[in-house]
Amino acid sequence: MKKLLSILLAAMLLLSLAACGGKDDGDAADKLQGALGGVSEPASSAPTQADGTLLETEFWSVTYPEDWVYSEEDDMGISEGYYAYVTLHIPQEDDPESDTLSVRIDATLEGPASYRDNLYSIGDMRDIVENGTVPTENVGGVDCYMKEGESWGSAYRSWYGRVEGAGATVYVQAEGAVDDPRLGQLLNTLQFNLTDTGNIDPPWPWNGEPILMDGPLSCTVGSYNVTVQQLPIDESIVVRNIFDTGVSMAGDKVYTLTDGVLRRHAFDGSALAFEDEIALDSEEYSTMSVAQNGTLYLSEFMESFVAVRDGATLFSHDGPDYVIMHPSGDWGISYFTGSEVEKIILNGTEMQTEPWAFPEVDMISRISISEDHIFVAGGAVENNEHTIFVYDLSGVLQTKLGGTEFGEDDSLGSVTAVVETANGYMALDGNMRTVLFWAPDGTFIGSAEDSDLFGTSYPWMSSASVMADGSILIGMTEERPDESADEFIVYRLTGF
């Protein structure tokens, strides 16, 4: 009887300790520590009761102990019905201006674009979503994908989650001593409170509908009847970076450059068929030009300048910034932003450089080179208006295009490409979403809106090059009508 009574008393004592939270809090911290990479058991979706101060917003609540601090003015932002975020800090004991650990908690009612971008940064988004190659971790009641690493010498762990029914993206990022147990203790008190409004997100990119032009479009510019036809790509190209894209033709092949990926496509006169990807040493390349012999030249600030032909790398040189080559492939120009540039001279695979300058230009935004001219787009020294300066191949100024005040018919916003045909010059203006035309002597002919020429709504027109038959190959990015992705699309312009 005494033995039975002792067992009952011991059991009551254990129940009493559990009810007081003496052990549960530790277990809960261990569970979240599993989500942080220490223990395999996932975090509970229910917040843990803890001592501290309750911080509650429309979209989440968290209880922070006294060693955590935040400034309502500097660390917190709330917009009713839109977002709520806070950054909590544990200051260093010997340097209160620096943090031992900080945590940002954020919930925003928005579309899924930022959430999907973050998935791209973790790995192959389709593999993650459809094949579960990255496990989810429950943080604040939301299944999230975790990414960890180091930035500027400081460790971080980030969690990204999407609550589709609420149309909300949640984001938690810890920086500093991410293995500190106080991180798990804090996040175990976090609870996202997001109301299901019946929102349905756009399709995933691989389920979305590619952009397809109904048929050719034509419009009159001056005395020219300009016609544009889309060149559909059998494997549509979804892009993350809508600005740094390019398309060029070498021989009977069309090459596209998006998100640092170089692809080769067969061209039958009306459509593009994907053939293969050409391996590059970096995924940062954004600038591409092509020589008449089919050599492709790729460059990027802080990356090697490389030449590729028939899928093989011919050379790789350090030093140049953005490089545009003359169609001969014998020379080109390396530029960044200032008016001082370098002339690149190639002798086989060997490279020499010599200084050069365009004194009429204040800040260079883009350079294009045709068979007979160099086109430098940028701010003019004389009035700072965006201008296309047309030089001969020795660098002597021949004429200027645009350069007028905003609102004038030929005013420019941000020129992304210039080409030369027998009829004159054509330029793409990315900011204004217009295509502009000039006669060979620099007389302005007229312009056309993107909607009239391409049937687009708000594209970024990024590249243009002249094809062997004199027509113009144009590349741009546009959001799909179903909002599933931004897509790179290619057109062929004739009539100028």
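In the predicted model, D180 forms a salt bridge with R182, and the closest N and O atoms of the pair lie 2.8 Å apart. The two partners are covered to unlike degrees: D180 is buried because its relative accessible area is 14%, under the 20% limit, whereas R182, with a relative accessible area of 26%, is partly exposed. A search of the whole structure gives 13 salt bridges. Side chains of opposite charge can pair when their charged atoms come close.

Another of these contacts is found in helix 4, which spans residues 125–131. There the side chains of E130 and R126 meet at 3.1 Å, N to O. The two residues are four positions apart in the helix, so about one helical turn separates them. E130 is partly exposed at 44% relative accessibility, and R126 is partly exposed at 41%.

A salt bridge also joins the side chains of R492 and D469, with an N to O distance of 2.3 Å. This pair links distant parts of the chain, 23 residues apart: R492 belongs to strand 36 (residues 486–494), while D469 sits in the loop between strand 34 (460–466) and strand 35 (472–479). In addition, K253, R264, E275 and D276 are joined into one network by salt bridges that share partners.

Covalent cross-links were examined next. A disulfide is a covalent bond between the sulfur atoms of two cysteines. With a cut-off of 2.5 Å between cysteine sulfur atoms, the count of disulfides is zero. Among the cysteines, C144 is buried at 1% relative accessibility, and C219 is buried at 14%.

M146 is part of strand 7, residues 142–151. This methionine has 15% relative accessibility and therefore counts as buried. M146 and L186 are 40 residues apart in sequence, and their C-alpha atoms are 17 Å apart in space.

Four strands make up an open sheet with antiparallel pairing, in the order 22-23-24-25. Its edges are strand 22 (322–325) and strand 25 (350–357), each of which pairs on one side only. From one strand to the next, the twist averages 30 degrees. Within the sheet, eight bridges connect strand 24 (residues 340–347) to strand 25 in the antiparallel sense. Here E342 is placed opposite P355 of strand 25. In a regular strand the side chains alternate between the two faces of the sheet.

Further along the chain, strand 31 (residues 424–429) is mostly covered, with six of its six residues buried. Strand 31 pairs with strand 30 (residues 415–421) in the antiparallel sense over six bridges, and V419 stands opposite M426 of strand 31. A hairpin of two residues joins strand 30 to strand 31. Strand 31 also runs antiparallel to strand 32 (residues 434–438), to which five bridges join it. In that pairing, L428 has V435 of strand 32 as its bridge partner. The hairpin of strand 31 and strand 32 has four residues between the strands, and R433 there adopts a positive phi near 55 degrees.

On the surface, F301, M302 and F336 form a nonpolar patch whose accessible area is about 320 Å² together. M302 is located in the loop between strand 19 (296–299) and strand 20 (305–309). With 67% relative accessibility, M302 counts as exposed, because the limit for that class is over 50%.

Definitions and conventions. Residues are numbered from 1 along each chain as its sequence is written. This is a predicted model: local features need pLDDT of at least 70, side-chain atom pairs count only at pLDDT 80 or more; totals for chains, interfaces and linings use all residues. Side-chain values use heavy atoms; hydrogens and water are left out. Two strands pair if DSSP finds at least two bridges between them. Axes are lines fitted to C-alpha atoms, for helices over the stretch in contact, and angles run from 0 to 180 degrees between N-to-C directions. Patches are made of residues with over 30% relative accessible area and no salt bridge: like charges are joined within 9 Å, nonpolar side chains (Val, Leu, Ile, Met, Phe, Trp, Tyr) within 5 Å. Accessible areas come from the Shrake-Rupley method with a 1.4 Å probe; for residues, only the protein chains shown count as cover. A salt bridge is a side-chain nitrogen of Lys or Arg within 4 Å of a carboxyl oxygen of Asp or Glu. Buried means under 20% relative accessible area, exposed over 50%, partly exposed in between (1.4 Å probe, protein chains only).
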